[in-house]
Structures are given as structure tokens and as C-alpha cells.
Amino acid sequence: ISTDKAVRPSNAMGATKRTAELILQGLSTTQSVTKFSMVRFGNVLNSSGSVIPLFRNQIKDGGPVTVTDKEIIRYFMMISEAVGLVIQAGAMGTGGDVFILDMGEPVKINDLAKKMIKLSGLHVKDDLNPDGDIEITFTGLRPGEKLYEELLIGQDCSKTSNNLIMRAKENMMSWEDLKPILDKLKKEAIDCDQEKIRELLIQLVPEFVPDDEINDLLYKKI
């Protein structure tokens with residue numbers, strides 16, 4: 001199970017997720033007994049770490065509901081839908097596959113917060129409605145957080161027998177090239193050398209872009 005954070009990562013967490021994909025892609029070329037496949041998708045509603053439980057608790061406590069940025073958007077799908085598509089994608093795998101799930105239309109987190117407040121029978125408190133019940137506050141993007149997430153690194157994506165599952169063709173490294181870098185990464189992790197770890201992650205994931213640069217690009221795109 002992979003994630004949209006593996007695509008053009010803006011922080012070390014996303015870079016390690018893409019590295020995990022590279023490991024499975026590399027291992028898939030070393031043998032034919034086990035089929036290694038990856039399924040990459042975005043947020044799952046009401047799952048651990050989802051904004052839904054957070055907003056629900058904040059509304060229950062009387063607010064405020066915290067959103068990082070007014071323009072931030074995310075993709076969402078239901079838990080049951082994600083599980084079903086992951087199982088189907090696994091059955092399609094031939095080895096080294098990167099499957100992308102169709103997440104539908106992105107949702108503005110600010111709009112989601114407003115909708116949850118209204119569904120709770122309350123009103124948003126803002127400049128237009130100072131007598132409202134729950135205020136929405138904007139805390140600013142956290143380090144490494146993007147305005148929106150992507151699911152595809154390149155442009156080469158093909159359909160499968162399920163129109164909600166696509167197969168991406170993306171760059172990979174042979175296990176012979178990958179293994180020495182992973183050995184170095186393990187050593188630097190044991191030594192807790194953060195600078196060298198970062199250098200090796202950038203070597204593994206050339207799309208690894210610092211968060212300040214990537215958000216400049218995303219603001220322009222939006």
C-alpha cells in the first residue's frame with residue numbers, strides 16, 4: 001500500500017515511501033516466485049489520521065476547527081471502496097506494477113470543514129456571521145506539507161479491466177544499483193547522520209523537492 005505522498009515528495013517521509021516502492025520494483029526483477037505490486041492512493045475517509053475524526057472532535061468541543069490553508073485540497077475515498085480496489089489491483093499484478101486508484105474529484109478541506117459544521121446542526125462563525133457557533137482557523141502549512149497531492153509521477157498511465165484502477169509506468173532502479181545505496185542508507189540511519197540520509201534519499205528519489213520550492217510551484221499552478 002503506497003500513498004500520494006510518494007509522488008514528488010516534499011519531505012523525508014514521502015521520499016521514504018517512494019523508496020519503498022523502488023525496493024519492491026527492484027526486487028520484482030530478481031525472482032518470479034513472489035509478485036510485488038504497489039497500489040498508490042490518497043486519503044481514506046474516517047481512517048486513522050483522517051481529518052474527519054479530528055474535525056468531529058473539534059466541533060464536539062465547540063471549536064475552533066483548524067485547517068492549515070484556505071486553498072488546500074485532498075482526494076478522499078471510502079474505506080470499503082479502497083479495500084475492494086486494492087484487492088482487485090493485487091489480482092491484476094504481474095510483478096513490479098504501480099497501480100493508481102481513481103480518487104474522483106479533489107475536495108477543499110475548508111469546504112469539508114464547513115460542511116461538517118453544518119451537518120452537525122451548527123453554523124460557521126466568521127466575519128459574515130459573527131454570531132455563528134464554530135469558527136474555522138487557518139494554522140498555515142506545516143513543514144513539507146503540500147497544497148495538493150498527486151498520484152502520478154510521469155505521464156505514462158494505462159487503463160486496466162477496472163476503470164477505477166490504472167497502471168502507471170514509472171522509472172525504477174535495478175536491484176544491483178539500488179542495493180548499495182540502501183546499504184549506505186542503513187549505515188547512516190544507524191549513525192543518525194541526517195544530512196547524509198537526506199543526500200541518499202535525494203539520490204534515490206530525484207523528484208524529492210524541498211517544501212518551500214514545491215509550494216511556490218503549486219500556488220502558481222492553482
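Me: How much area does the protein expose, and what part of it do carbon and sulfur atoms supply?
Reply: The exposed area comes to about 12700 Å², and carbon and sulfur atoms supply 54% of it. Accessible areas are computed by the Shrake-Rupley method with a 1.4 Å probe, and for residues only the protein chains shown count as cover. This is a predicted model, where local features need pLDDT of at least 70 and side-chain atom pairs count only at pLDDT 80 or more, while totals for chains, interfaces and linings use all residues. Residues are numbered from 1 along each chain as its sequence is written, and side-chain values use heavy atoms, with hydrogens and water left out.

Me: Why is Leu185 called buried?
Reply: Buried means under 20% relative accessible area, exposed means over 50%, and partly exposed lies in between (1.4 Å probe, protein chains only). Leu185 has a relative accessible area of 15%, so it counts as buried. By the same cut-offs, 39% of the 222 residues of the protein are buried.

Me: Which residues are in contact with Leu185, leaving aside its neighbours within four places in sequence?
Reply: They are Ile197, Leu200, Leu201 and Leu204. Contact means heavy atoms within 4.5 Å. Leu185 itself sits in helix 5, residues 175–191.

Me: What makes a stretch a helix or a strand, and how many of each does the protein have?
Reply: Both are DSSP runs, numbered from the N terminus: a helix is H or I over at least four residues, and a strand is E over at least two. The protein has 7 helices and 12 strands.

Me: Is Ile79 buried or exposed?
Reply: Neither: its relative accessible area is 42%, so Ile79 is partly exposed. Ile79 belongs to helix 3.

Me: What makes Ile79, Val83 and Ile87 a patch?
Reply: A patch needs residues with over 30% relative accessible area and no salt bridge (a side-chain nitrogen of Lys or Arg within 4 Å of a carboxyl oxygen of Asp or Glu). Nonpolar side chains (Val, Leu, Ile, Met, Phe, Trp, Tyr) are joined within 5 Å, and like charges within 9 Å. Ile79, Val83 and Ile87 make a nonpolar patch of about 280 Å².

Me: How do you know that strand 2 and strand 7 pair?
Reply: Two strands pair if DSSP finds at least two bridges between them. Strand 2 and strand 7 are joined by 4 bridges and run parallel. In one of these places, Ser37 has Asp97 as its bridge partner. Strand 7 and strand 12 also have 4 bridges, but run antiparallel; there Phe99 stands opposite Arg167.

Me: In which order do the strands of the open sheet stand?
Reply: The order of the 5 strands is 1-2-7-12-11, with mixed pairing. Strand 1 (2–3) and strand 11 (157–159) are at the edges with a single partner strand each, so one side of each has no neighbour in the sheet. Strand 11 pairs with strand 12 (residues 165–168) in the antiparallel sense over 3 bridges, and Lys159 stands opposite Met166.

Me: Why is strand 7 called mostly covered?
Reply: 5 of its 5 residues are buried. In a regular strand, side chains alternate between the two faces of the sheet. In strand 7, Asp97, Phe99 and Leu101 are buried on one side, and Val98 and Ile100 on the other.
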